[in-house]
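I opened my notebook today to go through a two-chain model at the bench. Here is what I looked up, in the order I went.

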Amino acid sequence: MKGRYEDENLYWIPVLIIFVFLLPFILKGLSFSYKYYLFVLNMAGIYIILNVGLDLLSGFTGLVSLGHAGFLAVGAYTSAILVDQFGVPFALSLIISPLIAGLFGFVIGFPALRITGMYLGLTTMGFGFIVKRMIIAFREWTHGSGGLDVSSPMLFGYTIKSDWNNYFLIYTFVIIAVIVGRRIAKSKIGRAFMAIRDSEQAAEAAGINLSKYKMLAFFISGIFAGFAGVLFAHTSSFISTDHFDILLSIYFIIMVLVGGASSIYGAVLGTLFIVLLDNLFVPLLKDQIHFWFNTQAGDIQSLIFGLIMFLFIIFQPMGLYGMWLKMRIYWKLFPFNPRQRFT
Amino acid sequence: MTDLFSGLTQEIISGIALGSIYALIALGFTMIFKATEVVNFAQGELMMVGAYVNFFFVTTFLSAAGTPTAWTFLVALGGSMIFSVLFGYILDFIINRPLKDQPIFSIIMATLSLAIIIRAVVAIIAGPISLMPFSPFGDSTVTFGNIVVSLLDLSIIGSAIGLVIIFYYIFHYTRWGIAMQATSEDPIAAQLMGIPIKRVYALVWIFSAIVATISGILLAPRIALLDTTMGFLGLKAFPAAVLGGFGSIPGAIVGGVILGVIETVSMGTLSFHFQWIKEINDIIPWIVLIAVLMIKPNGLFGVEKVKKV
C-alpha cells in the first residue's frame, strides 16, 4: 500500500467520495433546476466509466480506438435485449453484458496484433460502423433504426427510476470504475501497457508477451465500455443507433486527450470538463450566438469542441491533468522556481 | 442474359466513376502521408469546402450573367483553384508545421478536430440547408449499344485520368516533383542537398487541397446534394488507400476504383439477387478494410516497412 501510492495523499479520497454522494443534496439546496444538473452529471458519469477504459487502451497502451461508441452500443443493446426479452435480472445482466462487450474487444484485438497507429484507428472506426449497421440488420431483437425502449434498472427488489436515484447508482459504479482503473494502471498489467506504448520492441525484449497484453487491453477496455453501455441503456430508458455515432467515438477520444492521456484522473477531469462545457456553458452562450449567427446550436458546439481539442494538442499536449501537475510543482517550489521550466 | 450483362457493365462504368473520386481523395492524402507522415483525416472536409466554394462561385456568376454557359463553370473552376491554393497553404501553416514531430496519436486527433472545425464553420457560414449543385452537363447521356452512361460519369473518369497523368508528370519530370520525392525519401538528406523542405511541404499541401477541391467539384453534382455530411464520404477513401497499400500512389488509384466498383455492383445487381447484401451495403468498404488488414496489411502495392528500434 505504502509503496504503491507513495506520491499521493490518500486521505483526500474518502473526502472526495463523500463529496460525490453529497453533491445532489447540495445542488438541491442551491438551485431549482437541480434535476437538469443531475441529468447532465449522470451522462458525465457514464462517459467517465467508458473513458477510464478508453484511457487504459489509448492512453496507457497507445492503441488508438476511434470506435468506442461501438462497444457502448454492444453493451447497451445486449443488456436491453437480455433484460427485456429474455427476462435476465438486471444484476446478472450487469455482469454478462460487459463480458460480451469485452469479447467484442477481444475480437477487435486480433487485427491489433499486426497493425498499429493509424491503421488501428481505421479498423476500430470500421468496427463502429459495422456494429451500428449490424444493430439495424438484426431487427427482430433491436427494432432496427427505430430504437428500443428499455426498462428501468431493478436492484434488490427496488426499481430505480428518477434522475435522483440514477445518480447514486451511476456514481457508485463510477467510483468503483475509477478505483479499479487506478489499480490496473498501477499494477504489473499497467506497467506492461506503458512499456508497450513507449516501445514495442523494448517491451518484447524485456519479456512482455505483446499479443497477450494487447488483447488484454482491448478486453478490459471493452468491459468498461460495456458497463457504461448497460448503465446508459437502463438509465436513459430509450436507445437507438443514432446515440452511437462515429462523432461520439471521436468526442470520447477528445475527452481523454483534453484530460490528459495516460492518467486515470485525467480521463475523469476531461470528461467532466467537456460534458459540463457542452451542457452548461454552451446553452448560456446560445442567445448571444443566435444574435450574431443564424445557425444551429450543434454547429457552435462542435466548433467549440474542435477548437478546444486543437489548441490542447498544440499548446498543452499533457492535458488538464498535466496542467494541474505543473501548477502543483510550481507552487511547491514557489519562490525559488526556475522560470523557464514552467512556460 | 444480355440484360444482366448490360446492366452489370453499366454499373461497373458508374462504379469506376465513383471509384475515380475515391481515388482522387485517396491520392490527396497519400501525397501528404508520403511527404510528411501526417495522416490527414480532414481530406473529406477539404473536398466539401471545395464543393461549397465552387457552388458559391457558380451561383454568383449565374446571378450576374443569367443563363449558364461553359464559361461560367470554367471561371468558377478557376476561382475554386485559386481558393484551394490559399487554403492548402494555410493548412500547411496551422497543421503541418506545429505537428511535424508529434506522435501519431496527436496527429490523428489534430486532423480529426480540424475536420470537426471545418464542418462547423461551413455549416455556420452556409446555413443548415442542403444545396442543389449544378451539373455542367445537365442530365445528358451517351449510349453505346444498349449501355447508357451519363456524360457526368464520363467527365469524372476523364478528369481523374487527366489529373493522374498531370501529377505523374509533375512528380517525375519537374524539379519540384523530384524535390518532393527526395523529401519523402529522406527529409534530412534532402535538406542537406539544399532542398527547401518547408516550401516542399507547403507545395504538397497545396497540391492535396487542389486534388480535394477537384474531387469535390466532381462529386457534388453526382450525388446531387451538397451539405456538410459530404465530408464523411472522404472517410471511405481510407479503405481504398489501405486496399491499394497505404502510401503508394498507384495503390490509391487502383484501390479507389476497385472499391467504387464493388460498392455500385453490390448496391445494384448483387442486392437484387441476394437480399442480405442490402443490409451490409454501406459497410462493405470497412469490411474490405478489416479483411485487407488481417490478411495482407501492406495492401496490393505497399512496401513492407521494417521497424527499427
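My entries below go from confidence to chains, then to the contact and a few local spots.

**Entry 1: confidence**

I began by reminding myself that this is a predicted model. For the complex, I noted an ipTM of 0.81 and a pTM of 0.85 from the predictor. Chain A averages a pLDDT of 83, and 91% of its residues score at least 70. For chain B I wrote down an average of 82, with 95% of the residues at 70 or above. I then asked which element of chain A has the lowest mean pLDDT. That is strand β3(A), residues 158-159, at 74, while α10(A) has the highest at 90.

**Entry 2: chain A as a whole**

I counted 14 helices and four strands in chain A. Its radius of gyration is 21 Å, and the globule rule gives 20 Å for 343 residues, so chain A is as compact as a globular protein of that length. I read the extent of the C-alpha trace of chain A along its principal axes as about 65 × 55 × 45 Å. Of the 343 residues in chain A, 45% are buried. I also looked at contacts between residues at least 6 apart in the sequence of chain A, and 76% of them join residues at least 24 apart.

**Entry 3: chain B as a whole**

Next I did the same for chain B, which has 13 helices and two strands. The radius of gyration of chain B is 20 Å, close to the 19 Å from the globule rule for 309 residues, so this chain too is as compact as a globular protein of its length. The C-alpha trace of chain B spans about 60 × 55 × 40 Å along its principal axes. I found that buried residues make up 47% of the 309 in chain B. Among the contacts in chain B with a separation of 6 or more, 75% come from residues 24 or more positions apart.

**Entry 4: where the chains touch**

How many residues does each chain bring to the contact? I got 33 residues from chain B and 35 residues from chain A. On the chain B side, α4 (104-126), α10 (237-244), α12 (277-280) and α13 (284-295) each supply at least two residues. I marked α4(B) as the one that gives the most, with 16 residues. Then I sorted the chain B side by residue type and got 28 nonpolar, two polar and three charged.

**Entry 5: α3 of chain A**

I picked helix α3(A), residues 68-85, for a closer look. Its 18 residues reach 25 Å from first C-alpha to last, close to the 26 Å expected at 1.5 Å a residue. I found 14 of the 18 residues of α3(A) buried, so the helix is largely enclosed by the rest of the structure. Just after α3(A), I noticed that G87(A) takes a positive phi of about 70°.

**Entry 6: a positive phi without glycine**

S237(A) caught my eye with a positive phi of about 60°, although this residue is not a glycine. I located S237(A) in the loop between α10 (210-236) and β4 (238-239) of chain A. S237(A) has 15 C-beta neighbours inside 10 Å, so I logged it as partly exposed.

**Entry 7: α6 of chain B, two sides**

In helix α6(B), residues 175-185, the buried residues are M180(B), T183(B) and S184(B). They cover an arc of only 95° around the axis, which puts them on the same side of α6(B). Are R175(B) and E185(B), on the other side of α6(B), buried or exposed? I found both exposed.

**Entry 8: two isoleucines**

I195(B) is in the loop between α7 (187-192) and α8 (197-223) of chain B. I count it as partly exposed, because 19 other C-beta atoms lie within 10 Å and the buried class starts at 20. Beyond its neighbours within four places in sequence, I195(B) is in contact with A179(B), A182(B), T183(B), A190(B) and V200(B). One of these, T183(B), is among the buried residues of α6(B).

My last stop was I246(A), in helix α11(A), residues 246-259. I246(A) is partly exposed, with 17 other C-beta atoms within 10 Å. Setting aside neighbours within four places in sequence, I noted contacts from I246(A) to M125(A), G128(A) and F129(A). I246(A) and F224(A) are 22 residues apart in sequence and 19 Å apart in space, C-alpha to C-alpha.

Methods:
Residues numbered from 1 in each chain as written. Chains lettered and ligands numbered in written order. Predicted model: local features only at pLDDT ≥ 70, side-chain atom pairs only at ≥ 80, totals over all residues. pLDDT = per-residue confidence, 0-100. Rg over C-alpha atoms; globule rule 2.2 N^0.38 Å. Buried ≥ 20, exposed ≤ 12 C-beta atoms within 10 Å, placed from the backbone. Contact = placed C-beta atoms within 7 Å. Nonpolar A, V, L, I, M, F, W, Y, C, P; charged D, E, K, R; others polar. Arc of directions from axis to C-beta. Expected span 1.5 Å × (residues − 1).
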